[in-house]
Amino acid sequence: MANLNRIILIGNLTSDPEVRFTVEGVQVAKFQLIVDRFVQEGAPKQVDYIDVVAWRRLAEICGQYLKKGKPVLVEGRIQVRTFENENGARKWATEVVARSIKLLGDAVKEQAAAPKTSEPLDEVPGIEELPEEESDLPF
Amino acid sequence: MYNKVFLIGNLTKDPELRYTPSGIPVVRFTIAVNRPSAKNEKNEVDFINIVAWRRLAEICGEYLKKGRPVSIEGRLQIRPYEKDGEKRVFAEVVAEGMQMLGKKEGSPAQPEKVQNEEPGPSPAAGSGGEEIPF
């Protein structure tokens, strides 16, 4: 049976992405998205804080373009992995491994004051279908 | 904001149907989802927690069984909680839709009708509205 694991998120970055290299020299970016839950009108706001990782070229692009507070669309898969914390205890982490990322919204607004250019700034170039890296996260 | 998840995997065990103190059905189970892997590589698996509420919970509790392939559509929810004074988070997919896939191996020609053996709403201990009772 073929399996499927796909997730699509739109949210805002809670901080600037953290970009590092693994010991093998592979670039990896990590950030967190705050995603509003759908609630009934008048109900208190609810959110999920979702960790996202990106590898290689996509990680590089994240480091260049993503900033705290920016709205972003992330498409990828859910990964559940175990790791040992500093006390040697086994912990579980759930995160989204990004396959493609798209900047949304306010890149255009920031440019509004400037003379209009025909160059759209709200799209990160060429970051579809990057191979995933299976090595351990350096954080 | 947008949060959509699509999964196909197999149940790691029979789902557990429970009721909140206010009588709302809730079911939890885990599905094993294979990661795409190259030939000759070790097959890696993500074990993803699923929760469903109300009518969908009852249907899951009645029909889903360990090992069965299932398709889940929903959203990823990250629930903070505290254990031994330590802050933790619990990640789960809240199912909004479920579809059973494939045929059960060695089953008779007619689909197996599973009777719900749960004794009905049980007075669960604990407090707090829609807290998950397990």
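Two strands count as paired if DSSP finds at least two bridges between them. Keep that in mind for the exercises below, which all use a predicted model.

**Exercise 1. Work out how β4(A) is paired within chain A, and in which sense each partner runs.**

Solution.
- Start with strand β3 (residues 27–36) of chain A. Nine bridges tie this strand to β4 (residues 47–55) of chain A, and the two run antiparallel.
- For a spot to look at on screen, go to D36(A), which sits opposite V47(A) in β4(A).
- Now take strand β6 (residues 90–103) of chain A. Here two bridges link β6 to β4(A), and this pair runs parallel.
- The place to check is V52(A), with V96(A) of β6(A) opposite.
- So β4(A) passes the test of at least two bridges with each partner.

**Exercise 2. Place K67(A) in its surroundings: which element holds it, and is it buried or exposed, or in between?**

Solution.
- First find the residue: K67(A) is in the loop that runs from α1 (56–65) to β5 (71–84) of chain A.
- Next, the accessibility. K67(A) has a relative accessible area of 37%. Buried needs under 20% and exposed needs over 50%, so K67(A) comes out as partly exposed.
- Then look for what it touches beyond four places in sequence: L13(A), D16(A) and P17(A).
- Finish with P17(A). It is 50 residues from K67(A) along the chain, yet their C-alpha atoms are 6.8 Å apart.

**Exercise 3. Get an overview of chain B: what elements does it have, and in what order?**

Solution.
- Count first: chain B has six strands and one helix.
- Read from the N terminus, the order is β-β-β-β-α-β-β.
- For burial, 36% of the 134 residues of chain B count as buried.
- Last, take contacts in chain B between residues at least 6 apart in sequence. Of these, 62% join residues at least 24 apart.

**Exercise 4. Describe the interface between chain B and chain A, beginning with its extent.**

Solution.
- Chain A puts in 26 residues and chain B puts in 29.
- The buried area is about 2400 Å², with carbon and sulfur atoms giving 57%.
- There are three salt bridges between the chains. One of them joins K91(A) to E86(B), with the closest N and O atoms 3.1 Å apart.
- Eight residue pairs are in polar contact across the interface, both residues being at pLDDT 80 or more.
- On the chain B side, the elements giving two or more residues are β1 (2–11), β3 (25–34), β4 (45–53), β5 and β6 (86–100). The most comes from β1(B), with nine residues.
- By type, the chain B side divides into 16 nonpolar, six polar and seven charged residues.
- Strands pair across the interface too: β1 (residues 4–13) of chain A and β1(B) are antiparallel, over seven bridges. There, I10(A) has Y2(B) as its bridge partner.

**Exercise 5. Zoom in on Q77(B): is it buried or exposed, and which residues does it contact?**

Solution.
- Locate Q77(B) in strand β5 (residues 69–83) of chain B.
- Its relative accessibility is 9%. The cut-off for buried is under 20%, so Q77(B) is buried.
- Its side chain makes a polar contact of 3.3 Å with the side chain of R75(B).
- Beyond four places in sequence, Q77(B) contacts F90(B), A91(B), E92(B) and V94(B) in its own chain, plus R37(A) and D48(A) from chain A.

Conventions. Residues are numbered from 1 along each chain as its sequence is written. Chains are lettered from A and ligands numbered from 1 in the order in which they are written. This is a predicted model: local features need pLDDT of at least 70, side-chain atom pairs count only at pLDDT 80 or more; totals for chains, interfaces and linings use all residues. Side-chain values use heavy atoms; hydrogens and water are left out. Helices (H or I, at least four residues) and strands (E, at least two) are DSSP runs, numbered from the N terminus. Buried means under 20% relative accessible area, exposed over 50%, partly exposed in between (1.4 Å probe, protein chains only). Contact means heavy atoms within 4.5 Å. A polar contact is a pair of N or O atoms within 3.5 Å; within protein, one must be able to donate a hydrogen and the other to accept it, and residues adjacent in sequence count only if both atoms are side-chain atoms. Buried area is the accessible area (1.4 Å probe) that two parts lose on being put together, summed over both. A salt bridge is a side-chain nitrogen of Lys or Arg within 4 Å of a carboxyl oxygen of Asp or Glu. Ala, Val, Leu, Ile, Met, Phe, Trp, Tyr, Cys and Pro count as nonpolar, Asp, Glu, Lys and Arg as charged, and the others, Gly among them, as polar.
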